[in-house]
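Subject: Handover of a structure and notes on its sheet and helix packing

Dear colleague,

Please find below the structure that I am passing on to you. I should be grateful if you would read the notes beneath it with the coordinates open.

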Amino acid sequence: MKDEFLYDLIDLPISFLASKWILERIPHVFDGDTELYIQWKEELSQKIHIDSSAIVFTGSSCCGFSLNPRKNYRDFAIGSDIDVALISQHYFDISWHTLRNLGTRYYDLVPRQRSAVDDHVNRLIYWGTIATDKILGILPFGKEWLIALNEMGQKKPFENRTVNIRIYKDFESLRDYQAKNLDKLRHKLLENS
């Protein structure tokens with residue numbers, strides 16, 4: 001599968017590549033089981049109040065290998081997390097507003113949370129994304145979502161995996177963020193060949 005991806009990475013337009021390998025596929029972790037995939041998304045959507053069509057798997061659980069430019073196509077493995085994108089203007093705005101208005105509460109956060117907030121200020125908000133893995137607990141809906149994600153990480157086919165959520169302002173933000181990473185991979189591949 002990696003060989004097919006690398007061939008596509010050179011030949012296909014980036015937007016099409018994002019659709020084919022990330023945005024419009026049955027994720028690798030579901031092993032082609034469309035019904036299980038839809039059931040899982042439906043259950044999560046009920047728990048966190050987001051339409052199931054706005055739930056998109058990313059990362060190695062989607063492709064079978066990592067598309068992070070720093071991870072060198074590492075295979076999806078037993079200890080791999082499940083990365084899920086949620087497209088929601090509503091939850092994006094709540095999160096952005098919360099982060100923007102931390103004020104002096106910023107200094108009460110643990111160092112990894114402060115670092116994550118800084119990363120949002122300097123990079124992630126620009127791309128229309130909120131990476132909740134380190135800050136979900138400080139968001140107004142965080143407690144409810146932490147419970148839901150823990151429960152969903154126990155379901156088939158995940159069995160005790162961590163589910164990480166990124167909230168995207170809209171589908172364009174999700175596509176642009178994925179395309180940016182794919183473009184980095186393309187440049188890296190072309191430089192090394």
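The notes that follow treat the sheet, then a pair of helices, and then two neighbouring residues. Please bear in mind that this is a predicted model.

The sheet

Four strands make up an open sheet of mixed pairing, and their order is β1-β2-β4-β3. The edges are formed by β1 and β3, each of which pairs on one side only. From one strand to the next, the twist averages 30°. Helix α6, residues 111–124, packs on this sheet and touches β3 and β4. The direction of α6 makes about 155° with that of β3.

The individual pairings can be followed across the sheet. Strand β1 (residues 55–58) runs antiparallel to β2, and four bridges join the two. Within β2, Val84 is the residue that stands opposite Phe57. On the other side, β2 (residues 82–87) pairs with β4 in the parallel sense, over six bridges. Three positions show the register of β2 against β4: Ile82 stands opposite Val163, Val84 stands opposite Ile165, and Ala85 has Arg166 as its bridge partner. Strand β3, residues 129–131, is joined to β4 by three bridges, and these two strands run antiparallel. Here Ile130 stands opposite Ile167 of β4.

How far are β2 and β4 covered? In β2, five of the six residues are buried. Strand β4, residues 163–168, is likewise mostly covered, with five of its six residues buried.

The helix pair α1 and α8

Two packed helices are described by the angle between their axes and the distance between the axes. For α1 (residues 2–11) and α8 (residues 171–192), the angle is about 95° and the axes lie 10 Å apart. An angle of 65 to 115 degrees counts as roughly perpendicular, and α1 and α8 are therefore roughly perpendicular to each other. The α1 side of the contact consists of Phe5, Leu6, Asp8, Leu9 and Ile10, which meet Leu182, Leu185, Arg186, Leu189 and Leu190 of α8. By class, this contact has eight nonpolar residues, two charged residues and no polar ones.

The length of α8 can be checked against expectation. At 1.5 Å a residue, its 22 residues should span 32 Å, and the end C-alpha atoms are indeed 32 Å apart. The buried residues of α8 include Leu182, Leu185 and Arg186, and these three also take part in the contact with α1. Others buried in α8 are Ser173, Leu174 and Tyr177, among them.

Two neighbouring residues in α1

Are Tyr7 and Asp8 buried or exposed? Tyr7, which lies in helix α1, has a relative accessible area of 56% and is therefore exposed, the cut-off for exposed being over 50%. Asp8 is also placed in α1, but its relative accessibility is 7%, so Asp8 counts as buried, which requires a value under 20%.

Leaving aside residues up to four places away in sequence, Asp8 touches Leu17, Lys20, Trp21 and Arg186. Arg186 belongs to the α8 side of the helix contact and is itself buried. As for Tyr7, its C-alpha atom is 26 Å from that of Thr34, and the two residues are 27 apart in sequence.

With kind regards

Definitions and conventions: Residues are numbered from 1 along each chain as its sequence is written. This is a predicted model: local features need pLDDT of at least 70, side-chain atom pairs count only at pLDDT 80 or more; totals for chains, interfaces and linings use all residues. Side-chain values use heavy atoms; hydrogens and water are left out. Buried means under 20% relative accessible area, exposed over 50%, partly exposed in between (1.4 Å probe, protein chains only). Two strands pair if DSSP finds at least two bridges between them. Axes are lines fitted to C-alpha atoms, for helices over the stretch in contact, and angles run from 0 to 180 degrees between N-to-C directions. Angles under 35 degrees count as roughly parallel, over 145 as roughly antiparallel, 65 to 115 as roughly perpendicular and the rest as oblique. Contact means heavy atoms within 4.5 Å. Ala, Val, Leu, Ile, Met, Phe, Trp, Tyr, Cys and Pro count as nonpolar, Asp, Glu, Lys and Arg as charged, and the others, Gly among them, as polar. The expected span of a helix is 1.5 Å times one less than its number of residues.
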